[in-house]
Amino acid sequence: MKTRQLQTPPRRVSAVIIGAGQAGLATSHCLSERSIDHVVLERGEVANSWRRERWDSLRLLTPNWQSRLPGHTYEGDDPDGFMTMPEVIDFIGGYAARFEVPLHTHTRVTEVHAAADGYRVMTDRGPWQCRCLVIASGAFNTPVVPELAAALPGDIHSLTPQQYRNPGQLADGGVLVVGAAATGLQIADEIRRSGRQVILAAGEHVRMPRTYRGRDIMHWMHATGMLDERYDQVDDIRRVRKLPSPQLIGTPQKATLDLNVLTDRGVQLVGRVAGLSSGRLQFSGSLGNVAKLADLKLDRLLSAIDLWIEAADLGAQPELPERPEPTRISASPRLELDLRSGEIRTVVWATGFRPDYTWLNVPVLDRKGLIRHEGGVADAPGLYLMGLPFMRRRKSSFLFGVEDDARAISEHLAAYVGADREARRRVYA
Amino acid sequence: MNMYTKIVDNGVNVPALLAARESLTEAPEAARFRWRATCNWMNGTHCHSLVEQFYGLGKEQSHKRCFSFDADHPEIFAAEDAGATPVEYVLVGLASCLTAGVASVAQHRNIQLNTVRATVEGDMDIQGILGIDRDVRNGYQRIKVTFEIDADASREDIEAVVAQSQKRSAVYDIVTNPTQVDVEVRV
């Protein structure tokens, strides 16, 4: 029994925000603007995941001109560049320092349950009582690794992207990278460049060129309004929220990274990891179709941009439309890999992440363990989410995408606590 | 929702399928089906299979009637050729599943199909099944499906329908990915 904690009376506050990343800090900023008393609880330091759970070479996937938070913009001299992790940490850290964020770092939330008129938030530094709770603890807390990973032969090293830092930490020998989202492609590319044999297992993926018609793809997705598309405007929001991140990389050269680039560099493409039998990994025979699906989807994206350019009155004409070469898939991609042959020594599971809600003792989880919510307003009074993929808009999970969400969630929260008189009139009218 | 003015009829009841998808999302246990076939040995390599009962939506279900299938091997295998070979039934299953998927996806995307023909070819080196060369697998080395589709849509839209059909096909998944098979003997 943790009697000490039980005996400590909780501190009271209108809102508790869990997580001091971009989503939590932006929400804090918006609540402060509305004079709503709150605290931000952070298990580690500001921008903790960016500090501790990313590989060394990673840069943001969005250009610097898109690095903005409520009241804070990029002020450097390279608007088209891509921030390194230290730069991201500085940017978010600078944001926290610039405003007086009611921040409690090194405070880990251990349990949340409903309590009279709100929520009780237990932490390793004492309890809090709040009317509203904003969960901004991230969507990428726990790597999702297929069950068969546990059955790999003992001499094969398994690694998640959270543990991966650089090729130097890997055992000598070949590497299988599983997953073809941004993470899998970037890690496969980097390991291949370090001189190792690399096999990439690709399931469904989202192909995207870094630049199109002379501009960054993010420029077009912003200009056309695609990034602002709302969660209630898309056909199947459950599907869209599960889409892998687009195959993008941020480099000073504005390079495109796709399966063709990896093939040219000597990476061997295989299908999704489908099974493990007698020490042999089995790959799906569906590689051709997932590549075709991604090519077709890419073509629709670029055609939509072309249509928009045609209709828009742009002063200077952008470069002419071109289409990337269709994904080249070998006539007979291999279907098996004998793990006892020594061909590979390491598997990197870039197979996605899920949020960690093990501390949340409020009945709001669906059968997949995710919180039921409508645009970030959870299925429990006064409970909110922030920073999830396509939470309210396509841009929600991007650094610059949290601003609109933070404003919307803060408005809803303010109406709920009754601190915002105008909003209250609207709600109770 | 998209508003269509064109009336498209591929004979697929998309609203019913979408309603089923919605209700089975809420009641996942009803989505657990069990398909069955029974196979009786006749003579030689000739087998006679029946398909009638299955389980789904929480209870036993039945086809409108019992379907039967003869399987055998051609005379060059020194057999009677009383039916298609089992490996050809696999091709039939794959083609039927993909083609049904094409019709459903096309209906959902408001694309009128005029004709659809799938030709399926499976390459097999029978040194595997005859035990001549243990490096040769028993099953198909590769399967090629060729769709000839006449529809009121662009080439890209038709290709997208075919790609989506593969993505949602049960038999395509069964063929391209391994499945645990348990065989029990009762004497």
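Buried means under 20% relative accessible area, exposed over 50%, and partly exposed in between. Arg230(A), at 24% relative accessibility, therefore counts as partly exposed. The model described here is predicted.

Arg230(A) takes part in a salt bridge with Asp232(A). The closest N and O atoms of this pair are 2.9 Å apart. Asp232(A) is likewise assigned to the partly exposed class, because its relative accessibility is 45%.

Over all chains, the count of salt bridges comes to 35. One of them joins Arg280(A) to Glu336(A), with the closest N and O atoms 2.7 Å apart. This pair links distant parts of the chain. Arg280(A) lies in strand β17 of chain A, and Glu336(A) in strand β18 (residues 336–338) of chain A. The two residues are 56 residues apart. Arg280(A) has a relative accessible area of 32% and so is partly exposed. Glu336(A) is partly exposed because its relative accessibility is 36%.

Chain B holds a salt bridge between Glu60(B) and Arg36(B). Here the closest N and O atoms are 3.0 Å apart. Again the pair links distant parts of the chain, 24 residues apart. Glu60(B) sits in strand β4 (residues 59–71) of chain B. Arg36(B) belongs to the loop between β1 (34–35) and β2 (38–43) of chain B. With 44% relative accessibility, Glu60(B) counts as partly exposed. Arg36(B), with a relative accessible area of 35%, is partly exposed. In chain A, salt bridges also form a network, which links Glu33(A), Arg68(A), Glu403(A) and Arg407(A).

The interface of chain A and chain B was examined next. In general, the size of an interface is often given as the accessible area lost when the parts come together. Between chain A and chain B, the buried area is about 1,600 Å². Carbon and sulfur atoms give 43% of this area. Arg238(A), Asn289(A) and Leu296(A) lose the most area to chain B among the residues of chain A. Together they give 29% of what that side buries. The contact takes 22 residues from chain A and 19 residues from chain B.

Four salt bridges are found across the interface of chain A and chain B. Arg238(A) forms a salt bridge with Glu22(B), and their closest N and O atoms are 3.9 Å apart. Nine residue pairs are in polar contact across the interface, both residues being at pLDDT 80 or more. On the side of chain A that touches chain B, the elements giving two or more residues are β16 (273–277), β17 (280–283) and α9 (287–311). The largest share, six residues, comes from α9(A). By type, the residues of this side divide into six nonpolar, seven polar and nine charged.

Nonpolar cores complete the description. In soluble globular proteins, nonpolar side chains tend to be buried together. The largest nonpolar core of the model has 87 residues. Val16(A), Val112(A) and Leu200(A) have the most contacts inside this core. Helix α4 (residues 85–98) of chain A gives the most to the core, with seven residues. Leaving aside neighbours within four places in sequence, Leu200(A) is in contact with residues including Val177(A), Ala180(A), Leu185(A), Ala188(A), Leu259(A), Leu262(A), Val267(A), Leu269(A) and Val270(A). Contacts of Leu200(A) also include Gly179(A), Gly184(A) and Gln268(A). Apart from the largest core lies another, of 21 residues. Val12(B), Ile158(B), Val161(B) and Val171(B) are among its residues.

Note on methods: Residues are numbered from 1 along each chain as its sequence is written. Chains are lettered from A and ligands numbered from 1 in the order in which they are written. This is a predicted model: local features need pLDDT of at least 70, side-chain atom pairs count only at pLDDT 80 or more; totals for chains, interfaces and linings use all residues. Side-chain values use heavy atoms; hydrogens and water are left out. A nonpolar core is a set of buried Ala, Val, Leu, Ile, Met, Phe, Trp, Tyr and Cys residues joined through side-chain atoms within 4.5 Å. Buried means under 20% relative accessible area, exposed over 50%, partly exposed in between (1.4 Å probe, protein chains only). Helices (H or I, at least four residues) and strands (E, at least two) are DSSP runs, numbered from the N terminus. Contact means heavy atoms within 4.5 Å. Buried area is the accessible area (1.4 Å probe) that two parts lose on being put together, summed over both. A salt bridge is a side-chain nitrogen of Lys or Arg within 4 Å of a carboxyl oxygen of Asp or Glu. A polar contact is a pair of N or O atoms within 3.5 Å; within protein, one must be able to donate a hydrogen and the other to accept it, and residues adjacent in sequence count only if both atoms are side-chain atoms. Ala, Val, Leu, Ile, Met, Phe, Trp, Tyr, Cys and Pro count as nonpolar, Asp, Glu, Lys and Arg as charged, and the others, Gly among them, as polar.
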